[in-house]
Amino acid sequence: MMNSSSWENVAQDVQEYRDVTLDHVEPPIPEVPSPLPQNSIDLARILLSERETGITETSTKDLVSSLASAKLSSTEVTNAFSFGAPDWHKNSYRISNFFQVIVAALARAQELDEYMKEHEKPLGPLHGLPISVKEHMGMKDLGLNTGLAAWAQNKAEGDAVVLKILWQAGCVFHARTTQPQTLMQLETSSNLYGVTVNPYNRKLTPGGSSGGEGALLGFRGSCLGVGSDIGGSIRVPAANNGLYGLRPTTRRIPLLGVVAPQVGSGYVEPVIGPLSTSLDGIKLFMRTVLAAKPWMDDPSLVPLGWRDDNSYLDRGSGKRLKVAVLWNDGVVTPHPPVQRALKDVVARLREIDTVEVVDWEPYKHAFAWELIAKLYFGDGGHQIKEAIASSGEPWRPLARFILPDNPHAQERSVVEIQDLKVQREQYCYEYAQKWGSTGTTRADKEESDEGIIDVILCPATPGVAPPLDSSRYWGYSSQWNLLDYPALVFPVTTVDPALDERDEGYEPKNEQDRFNHELYEGPEKLWGYRFRYSLWGDVVKAHIRPLQGFLIELLIVQVERTGHESTLSCFKF
């Protein structure tokens, strides 16, 4: 439903409603410092009690255990996360219609506590666990605007299927998080809610389009969140905010009830996936959703559970894990901190006898971006352009970059689109052939993947979180959407001024590379910034377990096999 008011009035109404409802939260939200510090990560410790802070910094696995054993009540845990969330909203503009959600969340938490008291057991595997949700996933009677002023009054008729599954498993939905105009941005900026910023550095972006999730989780305003990904929208926020994020393959998690412009076109399919402060949170989400067998109600889904009891690594004596390293995609060179982290990870991996490391040469990644950029907008972005024109709202910088200013976003005929889809299938085939060629085939065919690489290790983005309105290069993340390979982002290290100096003599390969190179002004502006990428590293978790054990734990988060040949062994790190 299009809104007839001016976009300024619509945005003002949306923001005023959110802010007024925040004022009615009980107990009252503490006042945040003014001016806000550039690095706001420690605000929670100032604004929350010691016990509340301890809860928000507890791992997902331990929270679930404490809730299931009644060591913690759902009400106490929900309060800790929920009354911190508005503080963090004031800091970084991450929360949308909070009051309606928190009233329902507290009622739900009380209901779960009463259930536990009466039955002396949890309702389900997520009993009492607060979960945050990206706003374009339907919650009955709440808004579904996808960051567009013209859609500001749209309401969900019911809950998205994935949220129904999580609810039935016993969770509490305590926050809905911001999204960018059109959803098609690697940042989170809209005329409805403004610009969401990074909790580690307010001058940097938390990423997008699940940037509200990324920022809230990074600030420990949530421990598990639900995002979506069509070109990096889970992985980029995870990387920019020090989190774990998983992009599953398509047709694993139900999409029904999720709203987005041009949804259902089928040219490039979005996926739903988790972001979490821990790997256990990622596994818990996938295990819970797939244990519900959503394919019984939605036949478009692949009928395959989460096989964390069937390790892909258990391949017999003498077998080594084979890791291929993509140092550079051949288009844009990663910034010095990313290059250093990858070199350090590879050096550590080479010390492990059971791991083999080889180089991975990029295969036509520039072509891959051109192809997916054309497939994103087969109609030239007509629906989005129409919505923006109808409200009169201005284009946000990165929405303009990806649509009106994108030379690949053109209206195409059915025949032209069919040809693009054929090109995609051919490219996927060629990439799978390249992957398969890393192994040898036995004559008896009993083990045709002998020696084949198990994973690709590569950057999630070409740099640490960039300045606002500058996330223009999608290639390190959109590549895996085009191929439909599952992708996990996980921890690495922090920027170090002594080690990550700018390469003043670097000669860019092209204009995209030049733009990215110039974004890195030096480590001083990012000193201490913690970043996490599609790289393996145990700097953050070294005190918990050795590198080899944690690597194996990561890999047990299955190498998904969905029946599509191109996804048999591709877990992109």
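**Aromatic pairs, buried faces and backbone exceptions**

In this predicted model, the count of aromatic pairs comes to 16. One of them joins Tyr 431 and Trp 480 in an edge-to-face arrangement. The ring centres lie 6.2 Å apart, and the planes meet at 85°. That angle is over 60 degrees, so the pair falls in the edge-to-face class. Tyr 431 belongs to helix α16 (residues 414–436) and Trp 480 to helix α17 (residues 475–483), so the pair ties together parts that are 49 residues apart in sequence. Tyr 431 and Trp 480 are both buried.

Tyr 431 and Trp 480 are also members of a cluster linked by ring pairs. The other members are Trp 360, Tyr 363, Phe 367, Tyr 427, Trp 435 and Tyr 485. A charge is placed over one ring of this cluster: the charged end of Lys 434 sits over Trp 360, 4.7 Å from the ring centre. A second case involves Arg 108. Arg 108 lies over the face of Trp 167, at 3.7 Å from the centre of the ring.

The overall figures give the setting. The protein contains 19 helices and 13 strands. Of its 573 residues, 58% are buried. Among contacts with a separation of 6 or more, 78% come from residues 24 or more positions apart. The exposed surface is about 22,500 Å². Carbon and sulfur atoms supply 50% of that area.

Two helices were examined for the placement of their buried residues. In helix α18 (residues 511–519), the buried residues are Asp 513, Asn 516 and His 517. These cover an arc of only 100° around the axis, which puts them on the same side of α18. The N-terminal end of α18 is capped by Asn 510. A side-chain oxygen of Asn 510 lies 3.1 Å from the backbone nitrogen of Gln 512.

In helix α14 (residues 382–391), the buried residues are Ile 384, Ala 387, Ile 388 and Ser 391. Their arc around the axis is only 95°, so they sit on the same side of α14. Gly 392 follows just after α14 and takes a positive phi of about 80°.

The loop between β11 (487–494) and α18 holds Asp 500. Asp 500 is buried, with a relative accessible area of 0%. Its side chain makes a polar contact with the side chain of Arg 340 at 2.6 Å. The side chain of Asp 500 also reaches the backbone nitrogen of Asp 496, at 2.8 Å. Leaving aside residues up to four places away in sequence, Asp 500 touches Pro 336, Pro 337, Arg 340, Thr 494, Val 495, Tyr 520 and Pro 523. Arg 340 is thus both a polar partner and one of the residues touched by Asp 500.

Pro 37 lies in another loop, between α1 (7–23) and α2 (43–47). Pro 37 is partly exposed, at a relative accessible area of 31%. Its C-alpha atom is separated by 9.6 Å from that of Pro 199. Pro 37 and Pro 199 are 162 residues apart along the chain.

Several backbone exceptions complete the description. Most residues other than glycine have a negative phi, and most peptide bonds are trans. The peptide bond from Gly 208 to Ser 209 is cis, with omega near 5°. Ser 209 lies in the loop between β4 (194–195) and α9 (211–218).

Positive phi values occur at Arg 251 and at Lys 293. For Arg 251, phi is near 65°. Arg 251 lies in the loop between β6 (244–247) and β7 (271–276). This residue is partly exposed, with a relative accessible area of 35%. For Lys 293, phi is near 50°. Lys 293 is found in the loop between α11 (279–291) and β8 (321–325). Lys 293 is partly exposed as well, with a relative accessible area of 46%.

Conventions. Residues numbered from 1 in each chain as written. Predicted model: local features only at pLDDT ≥ 70, side-chain atom pairs only at ≥ 80, totals over all residues. Heavy atoms only, no water. Phe/Tyr/Trp six-rings, centres within 6.5 Å; stacked < 30°, edge-to-face > 60°. Helix = DSSP H or I, 4+ residues; strand = E, 2+ residues; numbered from the N terminus. Buried < 20%, exposed > 50% of the residue type's maximum accessible area, 1.4 Å probe, protein only. Lys NZ or Arg CZ within 6 Å of the ring centre and 35° of its normal. Arc of directions from axis to C-beta. Polar contact = N/O pair within 3.5 Å; in protein donor to acceptor, adjacent residues only side chain to side chain. Contact = heavy atoms within 4.5 Å. Areas by Shrake-Rupley, 256 points an atom, 1.4 Å probe, with all protein chains shown as cover.
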